[in-house]
Amino acid sequence: MTADGVAVEARAITKRFPGVLANDAVDFEARRGEVHALLGENGAGKSTLSHILSGLYRPDDGEIRLHGQPISFHSPRDAIDAGVCMVHQHFRLVERFTVAENLILGDRRGAGRRFRIDPTAVEAQVRKLGERYRLPVNPRARIWQLSVGERQRVEILNALYQEARVLILDEPTAVLTPDEADTLFETLREIVAEGRTVIFISHKLNEVKAVSDRVTVLRAGRAVATVVTADASPQSLASLMIGRTFELATRRRDTATRGDAVLDVRDLWVEGDRGSTAVKGVELTVGGGEIVAIAGVAGNGQRELAEAIAGVRPRTRGTVRVAGRALRSGDPRAAHRAGLGFVPEDRLGMGVAPNLPLTMNVELKSYRHGTLGPFLRLRRMRERALAAIRAYEIKAPGPDAEADTLSGGNIQKLVLAREFAGELRVLIAASPTRGLDVGAVDTVHGHLCDAAERGVGVLLISEDLDEILALADRILVMYEGRLSQVERRDDMDEIAALMAGAENARP
Amino acid sequence: MNNSLVVALIASGVAYGTPLLFGALGELLAERSGVLNLGVEGMMLVGAVMGFWTVQRVHGGSALALVLAIVVAAVAGTAMAAIHAFLVITLRASQIVSGLALTIFAGAAGLSSYLGNDLNLSGLPASHAFHPVFPNSMQSWPIVGPIVFGQNPLVYASWVCVIAVAFYLARTRPGLNLRAVGEAPGAADAMGIDVVKYRYAHTLAGGAFAGIAGATVTLAITPQWVSGITGGAGWIAIALVIFAFWRPELCLVGAYFFGAMQALAPELQARNISLGPTELWTNSLPYAATVIVLVVVSSRGARRRLGAPAALGVPYVREEA
């Protein structure tokens, strides 16, 4: 077999789920010794394809060849035995086990085949592999003690320990800091340098550019193109992804009209989940028609701040006023009635009721209006849901589809449709585009800007600086529970310094 | 010295604790695979009546009859556990409902009583029973005599079982697989471990242990059959597993502790020591302790801290669409 021989080949793979054609005659091949990116928006069929390649799903039609041999996997185990290993977004590790025990668990060749288990031999091997591939991890550590980045290393080590020839990584950088991501890319280069194959799934253009040799773009379940990464520009990849030419440069509103303060927060103190003080004396005003952004590294109190303003979390001290009305602490209904909309960070856990149909989710906050005594007016709710589906272009099989069957972008559209339904004065959007694909990000940004145009005060909390620079009229930085005002709006250096804890005038 | 209350309490505690220990070991195996079995009490009763029935019917040597009785009791417990396993693993029924239903079905007013009456077992002394095996001279050694050498063979068998289960869990490949199945069935499945097979195997093994636990009551502790003879020992066994943080060696300690509490009332009576209405509080002591332990450790946070298998009580559904 030559160095650039084909390692994995998929021919005309088709997979249907109820109401969705997830993969439509997809052709795909990855060579030995290359990092091959699978690029596409959420819902384009990347995950389905990778699950088929790794044995979790079986294709309805089509053929997979591994090193030229046709194969058919009946379970992830079959795939692992054939040398195809997937690193999932949600790790498949036993949290209470040590690193070494987790590796033994999947081992069918070496130490794991014996009746008696002896972790020490495996521990030595883990150390050796860790050094070679820059994946340092203590083999005796228990998984629950490890950071998310370390857990990912364990997953990759596991694949290498099982002598995988093909590694599939599903959005591996979603859980990593930028530095960790860079280290991961180096590791991946090491892995392919030995003739292995890495299939790298992502919807982030810059990552794909940084790490891959070739890229296959998926759109709406079809493979639309395979190109050599070096020959492709981000713009060309983006347009392949979303099927139209797309301005990567972001929207910037020219006319920021600042009306009277619609959100006024004074001396706000909030307790975090573990009893520590997460928000320390925050003062904040948002005017009507203004987009105020809060930047910062996650975990500096942004979530607690957003939840306290929205009434989801009680505050220990301070006042929150929406359009002049003081809100009671820990009363989300009062906040809603005062005209406050909340797009929470955890959209599936907090933003929607995952097992309820779309109809119910759209009406979650407004079902008390227009009911007949204790009875719901189901037909009217359904009509309103249909209207929301049309107006917000929510891609769903219908109003009866359960919320958790939708993709992330469509769930976010659903949340926005609900929050915009009443008379909105203030909108709190916490990481509203995290994990969304380019098209959905654009839609969400559009809705935020439209809201501001209509005079709504928008408080945007985000870790994505590009997003903040594109949308915000004013930028604040949150660090260890305190807010700092950014003096010069476009000064990246100042923002970065504040994010790292530099002192500045308090707003 | 061997007649002192402390030595006598420990010696009887070991004897009375043995059915609890067998029951707890079985429950531990099932729970480590992620299956909560609240049917232990019912399985013990069925094992107790079937074991007793066997010694009454087998004509031949005492050893043969007793070994056969243990086997029959284990099979009876396994059969009961098979119902539970099918309902909760294959059909994914509620583990709590299924376990409770089995205990009611087989309990003092159900199957075990019916069998006892139908086979005319009530009130008869056992034809064969387990007795201490070491010579009297050894049994009269100070302290260790009654506690270690004065026990029946089932006690020694339970010690072997504790060591075997502990070794199995900590040091063997199937034991590792079992723990993975109870902690993270999704991960175990992805690694090619048959979750359903492991859950069935260990639920059935748990039933066998419960059956043997029942036979220990009717063939060693009180060699007779009376309806409802286990008197809630199955529930104590379930509490014990939690009390022992899902570790077999601690099950042994806990079982003897509860056993000693059960032995307290008869031992005090034997010494004519009266502490007011003795029966009222000594007899209820093990149950009161059980309730307290269960309440204290049943909060979700406490369970996690204590080492409950993360997937305990959760049916496994593969995510394949």
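1. A good place to start is the interior. The largest nonpolar core holds 157 residues, and within this core A:Ile428 and A:Leu460 touch the most other members. Helix 15 of chain A, residues 438-453, provides the largest share of this core, at seven residues. Both domain 1 (6-242) and domain 2 (261-349 + 423-499) of chain A give residues to the core, so it lies between them. Please keep in mind that this is a predicted model.

2. Which residues does A:Ile428 touch, leaving aside those up to four places away in sequence? The partners are A:Ala306, A:Ile309, A:Ala310, A:Leu340, A:Phe342, A:Val343 and A:Leu459. Apart from the largest core lies another one, of 89 residues, and its members include B:Leu28, B:Ala76, B:Val217 and B:Ala255.

3. Now for the domains themselves. The domain assignment divides chain A into domain 1, covering 6-242, and domain 2, made of 261-349 + 423-499. Their C-alpha centres lie 36 Å apart. Where the two meet, seven residues of domain 1 of chain A are in contact with five residues of domain 2 of chain A. On the domain 1 side of this contact there are four nonpolar residues, two polar ones and one charged residue.

4. Stepping back, here is chain A as a whole. Its secondary structure comes to 17 helices and 20 strands. The radius of gyration of chain A is 25 Å, close to the 23 Å that the globule rule gives for 507 residues, so chain A is as compact as a globular protein of that length. Taken along the principal axes, the C-alpha atoms of chain A fill a box of roughly 70 × 50 × 50 Å.

5. How much of chain A counts as buried? The share is 46% of its 507 residues. Contacts along the chain are worth a look too: among those in chain A between residues at least 6 apart in sequence, 65% join residues at least 24 apart.

6. Last comes the meeting of the two chains, A and B. Here 20 residues of chain A are in contact with 15 residues of chain B. On the chain A side, helix 2 (76-81) and helix 3 (99-105) each supply at least two residues. Helix 3 of chain A gives the largest share of that side, three residues. By class, the residues of chain A that touch chain B divide into ten nonpolar, three polar and seven charged.

Note on methods: Residues are numbered from 1 along each chain as its sequence is written. Chains are lettered from A and ligands numbered from 1 in the order in which they are written. This is a predicted model: local features need pLDDT of at least 70, side-chain atom pairs count only at pLDDT 80 or more; totals for chains, interfaces and linings use all residues. Helices (H or I, at least four residues) and strands (E, at least two) are DSSP runs, numbered from the N terminus. Ala, Val, Leu, Ile, Met, Phe, Trp, Tyr, Cys and Pro count as nonpolar, Asp, Glu, Lys and Arg as charged, and the others, Gly among them, as polar. A nonpolar core is a set of buried Ala, Val, Leu, Ile, Met, Phe, Trp, Tyr and Cys residues joined through C-beta atoms within 7 Å. A residue is buried if 20 or more other C-beta atoms lie within 10 Å of its own, exposed if 12 or fewer, and partly exposed in between; C-beta atoms are placed from the backbone. Domain bounds come from an automatic or database domain assignment. The radius of gyration is taken over C-alpha atoms; the globule rule is 2.2 Å times the number of residues to the power 0.38.
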